[in-house]
Amino acid sequence: MMDLKTYGYVEIDAIPDGLLAGRVTELRRERFTVITERGEVTAVLKGLFYHSAESRADFPCVGDFVLLQYNESGDSLIVKVLPRHSKFSRADFSGHVASYVKTVLEQVVATNFDYIFILTSLNRDFNITRIMRYLTQARQSGGQPIIILTKADLVGDYNLPLAEVTQSIPDVPVHVISSHTSQGIKELDLYLRPGKTVVFLGMSGVGKSSLLNALMEQDVMKVESIREEDSRGRHTTTHRQLFMLPSGAMVIDTPGMRELGLFDADEGIRASFTDVEEWFPQCRFTDCRHQAEPGCAVLAALDGGLLSLERWEYYIAQQHENKYVQDKTNYLIDKRARNKSIAMSSKQTRKNGGWKK
């Protein structure tokens, strides 16, 4: 029998008779791989799950703890997702350009992790703005963000980008590593402790698969070379999967994201831009828009050099995107509520004797 606690499971309530607890370690299309005390099983969603889930975000994701009906001779059936203590989501535009999308959905990338490794390479693809976007969403998730600057062996001097990160984001740990030379790898042992879960996030080609191979002490993921013309890598990870490291820690590896859309990021923006929002209470008017109002503390701070224009523009850009996504999300929520109300009304009418002419 396997002890599920080694996979981070903490039993909160008694498990109902006939059900078995497990953790989702892999998802391919609609088929799940789940680790349980009876070993690894394949599972699918029980039919009732499709009707009870309010949105796609309620469906199981890699990292989730679930209850299932065990079947030793076929697919087990997942009947419930247990409460999540952390969740990283992104905005899903369903392949549409933002200006044409009607509704924005929540895509849950990973759940129940302790740390988020935000990976970015030190080559020509280094982008501080992208790191800050990941950081905002990470601060929304419930996990602790850690910035990992990869491919140190490919650059002659990484002090400039390292200084840019530490100055722009002074309150988040930053590690410089090379998976090929093992530079900085031992420093990550601080987070990779037994029972802890780390999720890898970043664009394609930043070195997620190489780092995973180094931590696993074997090649478990295929690694492709980067393109010479733009220093970007090719897709190697095609699906999400949870790996158990020799240290007893777990890693959730995720496919590279071309673009990270902020989702429900109010709390993350506040946490990322405390240096900006601390000026708001000092404005003369409580409804100050910080544009041309007299007595605006933000404008005064910008003029006096106490707040950098770059930080203010980062803040405004993330606020605008977050509001846009919220508006599109609220449209879908309101539509579901109206449909539910209509359905309930129709049900009550039938119960009271049917439709009247």
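Which residues line the largest cavity? In this predicted model, the structure holds 2 cavities of 30 Å³ or more, and the largest cavity contains about 50 Å³ of space. Its lining is made up of Ile118, Leu119, Thr120, Arg130, Ile131, Tyr134, Leu201, Gly202 and Val206. Two elements, strand 8 (115-121) and helix 2 (128-139), are those that give two or more residues to the lining of the largest cavity. Sorted by class, that lining has 6 nonpolar, 2 polar and 1 charged residues.

From the cavity, the reader can turn to the backbone, beginning with the loop between strand 7 (105-111) and strand 8, where Asn112 lies. Most residues other than glycine have a negative phi. Asn112, however, has a phi near 55 degrees, which is a positive value in a residue other than glycine. Is this asparagine, Asn112, buried or exposed? Because its relative accessibility is 2%, and buried means under 20%, Asn112 counts as buried.

A second residue with a positive phi is found in another loop, the one between strand 10 (174-176) and strand 11 (197-201), where Ser182 lies. The phi of Ser182 is near 70 degrees, again a positive value in a residue other than glycine. Ser182 has a relative accessible area of 47%, and is therefore partly exposed, since that class covers the range between the buried limit of 20% and the exposed limit of 50%. Taken together, the two loop residues with positive phi are described by separate accessibility classes, with Asn112 buried and Ser182 partly exposed.

Key
Residues are numbered from 1 along each chain as its sequence is written. This is a predicted model: local features need pLDDT of at least 70, side-chain atom pairs count only at pLDDT 80 or more; totals for chains, interfaces and linings use all residues. Side-chain values use heavy atoms; hydrogens and water are left out. On a 1 Å grid over the protein atoms alone, a cavity is a set of points where a 1.4 Å probe fits but cannot get out, and a pocket is an open set with protein on both sides within 12 Å along at least five of seven lines; lining residues have an atom within 4 Å of a point. Grid points are joined across faces, edges and corners, and a volume is the space filled by probe spheres set on the points. Helices (H or I, at least four residues) and strands (E, at least two) are DSSP runs, numbered from the N terminus. Ala, Val, Leu, Ile, Met, Phe, Trp, Tyr, Cys and Pro count as nonpolar, Asp, Glu, Lys and Arg as charged, and the others, Gly among them, as polar. Buried means under 20% relative accessible area, exposed over 50%, partly exposed in between (1.4 Å probe, protein chains only).
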